[in-house]
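Reader: Could you take me through one part of this model up close, the way two helices pack against each other? Feel free to wander on from there to other contacts.

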Amino acid sequence: MNMINVQKLTQYHGAQLVLDGISFEIQEGEKVALIGRNGSGKSTLMRLLAGLDQPNEGQLAIKKDTLIGYVEQIPSHMDSWTVLDVLSHGLIHLKEYRAEMTELEKKMSDPGIAGNAEQLDRVLRRYSALQERFETEGGYELEASIDKIATGLQIPKSEYGLAFGSLSGGEKTRVVLASQLIVQPDLLLLDEPTNHLDLARTEWLEEFLREYPGTCIIISHDRYFLDRVVTKTIELEDGEAFSYQGGYTAFMKDKEERLLQQFADYQEQQKVIKKMKESIKQLEEFGRIGGNEKFFKRAASMRRALERMEKVKRPVLERRQADFELHPQDRSGRRVAYFEQVEVRYGNQAVLEGASGLIEFGEKIALMGPNGSGKTTLFKVLVGELMPDSGSLEWGARVDVGYLAQQEEPENPKETVLQYFRENAGVEEGEARGILARYLFYGAAVFRSVGQLSGGEWTRLRLALLIHQKPNLLLLDEPTNHLDIASREALEDALQGYQGTVLAISHDRYFVNQVSGKVWDLNQGTLTVYHGNYDDFRAKKDQLEAALQARELAAGANAVSLQKGTPPSKAKEGPGQKFESNQSDRSAAERSKWLEEEIARLETRIRQLDGWLETEGSICGNSDMSQLEERWNERESLAASRDELLAEWLELS
């Protein structure tokens, strides 16, 4: 059944046409992605669907009595409320029911009313009606519903009493998102719901939305999220709307096929139009030469047919996108940075506890971990903004660091884009405008104040400045936040071909899959290294978690057996069980000892090769390149073997 029906919807923003007669339908229960470049009209359409604005032209019909929930921006009037007030705001009617039921219970126990049959009957009828509504609408599960959603988004009960206004922007977004999920409206409108969520919260939200019984419309640039959640994709482009079945990957495949077919149709129609124009011209020429009116009539008839013809729009096969030209000024040494046993504390709270890591030239590393695990703190240690409480940090030779912070407000919001870039890049106006044009700041856009830029535009401007400095080590803190999909893909392409080194904090799994060859997982203050991209990291982590669960189950079973006075796992085994168990334990201990010795041996050889590569390798001439490559390949092979043995040792331990 239709939930939403949009027909020839047109909307202006001032004098600018944003939506040009778009039409689409959305069925009940569908999970729909609304995608498009920044400025394509996604938020405009979302506000129309939420009923906050009215369309200039066309029809927008939503099923009658539909409860709509919209997570758009943070209302300032809630700042004085507690977190619990915000979480339960959509269920305030249930609180009102409960308060009235409590008052009615007092009245029923009042002797004056209890002795009056007529009054008592009225009170009982009202109480019965309220109780039925309270139960039907989930009143008895009110606290459980709030706790379930809050727990999933990792909003602890200890924060329920905090003032909402005291939270950070990301924390406020999570609380408002939770408040809508708790209500479970028939139509849920979400604008960039994963922007301030870490991996665990994003995965929880994916699972929640997949099972959500209502209809969801989601604006998101998180391609991995879209593939896992949505069943339909609507793209807004040049004021038009195009509908596709499936998530982002299916959309891209179908869009490519549609554009190619449209281009073929366009070319074929252009051939027909060209022939018709030639025929019109020829008929008019015949009419002039022969003085025959019928030729002019036939030409006029053909001209009218040409005017009535519905023209196939020429598709744009390659749209202009930001050109992130990444070229380091100079290359660094083989070892870029090495930090060991780094500890950072904020008061009594330990953020980093013995974190150690090695960054080598040419590596592209994704730094992942829960919010609050210390990722940004580690970056601040690396760039010298924060001194660790203990530990060491060593930089290699000729390392030039470029740092993109996640949250950085402009010092002078009134400064124009052109002024900001010129002053920080140290270039003349002509050169500055040429560079800015590559990042989609051209024409009047360069005279906009930086304070008026959207989140995506501000990130693009800072990336433009960072890239102009040509560093050979990029430290990027959530670089894809606020970027639209086209800009994300352009940045991914540039990083794939970048000849320097990259360490990027990111929860964008699609980005990590495209760019990284190694994942650092920062959790509880320590780093664990995984080779490969996000999918490799996820698979290995799942294996380790499964092995841990199996060990815990086995330990639990053994504990139960011991409590019953029987040897562990003795039942159903033959008389040789005790010997086999001891033999297995001894084999595991011997294997663990051998692994420790082998890992130590490999580490020693890797350190020797690192020393050679850092000293001799950096001055190798062309004739020595084969030796350099041989040593480097040996080092990589040993490192891979060490990591495999280390994973096995962790499982045995």
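Author: Let's start with helix α3, residues 92-108, and helix α5, residues 117-136: in this predicted model, their axes come within 10 Å and cross at roughly 150 degrees. Anything over 145 degrees counts as roughly antiparallel, so α3 and α5 are roughly antiparallel to each other. As for the hand, α3 passes α5 in a left-handed crossing.

Stay on α3 for a moment, since there's a salt bridge on it. The side chains of Lys-106 and Glu-103 meet there, at 3.8 Å from N to O. Both residues sit in α3, three residues apart, which is about one turn of the helix. How open is each partner to the outside? Lys-106 is exposed, because its relative accessible area is 52% and the cut-off for exposed is over 50%. Glu-103, at 43% relative accessibility, falls in the partly exposed class.

That pair is a local one, so to speak. In general, side chains of opposite charge can pair when their charged atoms come close. The structure holds 36 salt bridges, and a couple of others make a nice contrast with the one on α3.

Take Asp-147 and Lys-157, whose side chains form a salt bridge at 3.2 Å, N to O. This pair links distant parts of the chain, 10 residues apart: Asp-147 belongs to helix α6 (residues 142-152), while Lys-157 is in the loop between α6 and α7 (169-183). Lys-157 counts as exposed, with 55% relative accessibility.

Now for a pair with a much bigger sequence gap, 287 residues. Arg-509 and Asp-222 meet in a salt bridge of 3.9 Å, N to O. Arg-509 lies in helix α17 (residues 509-515), and Asp-222 is in the loop between β7 (215-219) and α9 (223-229), so the pair ties distant parts of the chain together. Are these two buried or exposed? Both Arg-509 and Asp-222 are buried. They aren't on their own, either: salt bridges with shared partners join Glu-206, Asp-222, Arg-228 and Arg-509 into one network.

Another buried residue worth a look is Thr-233, in strand β8 (residues 232-237). Its relative accessible area is 2%, so Thr-233 is buried, the limit being under 20%. The C-alpha atoms of Thr-233 and Gly-246 are 6.4 Å apart, with their positions 13 residues apart along the chain.

Back to helix pairs, for a comparison with where we began. Helix α13 (residues 417-425) and helix α14 (residues 429-438) have axes that come within 10 Å and cross at roughly 110 degrees. Angles of 65 to 115 degrees count as roughly perpendicular, so that is how α13 and α14 are arranged. Their crossing is right-handed, whereas α3 passes α5 in a left-handed one.

One last stop, out on the surface. Leu-393, Trp-395 and Val-401 make a nonpolar patch of about 220 Å². Of these, Val-401 lies in strand β14, residues 401-404. At 32% relative accessibility, Val-401 is partly exposed.

Note on methods:
Residues numbered from 1 in each chain as written. Predicted model: local features only at pLDDT ≥ 70, side-chain atom pairs only at ≥ 80, totals over all residues. Heavy atoms only, no water. Patch = residues over 30% accessible without salt bridge, like charges linked within 9 Å, V, L, I, M, F, W, Y side chains within 5 Å. Areas by Shrake-Rupley, 256 points an atom, 1.4 Å probe, with all protein chains shown as cover. Salt bridge = Lys/Arg side-chain N within 4 Å of Asp/Glu carboxyl O. Helix = DSSP H or I, 4+ residues; strand = E, 2+ residues; numbered from the N terminus. Buried < 20%, exposed > 50% of the residue type's maximum accessible area, 1.4 Å probe, protein only. Axes fitted to C-alpha atoms, helices over the stretch in contact; angles between N-to-C directions. Parallel < 35°, antiparallel > 145°, perpendicular 65-115°, else oblique. Left-handed = near helix turned anticlockwise from the far one by under 90°.
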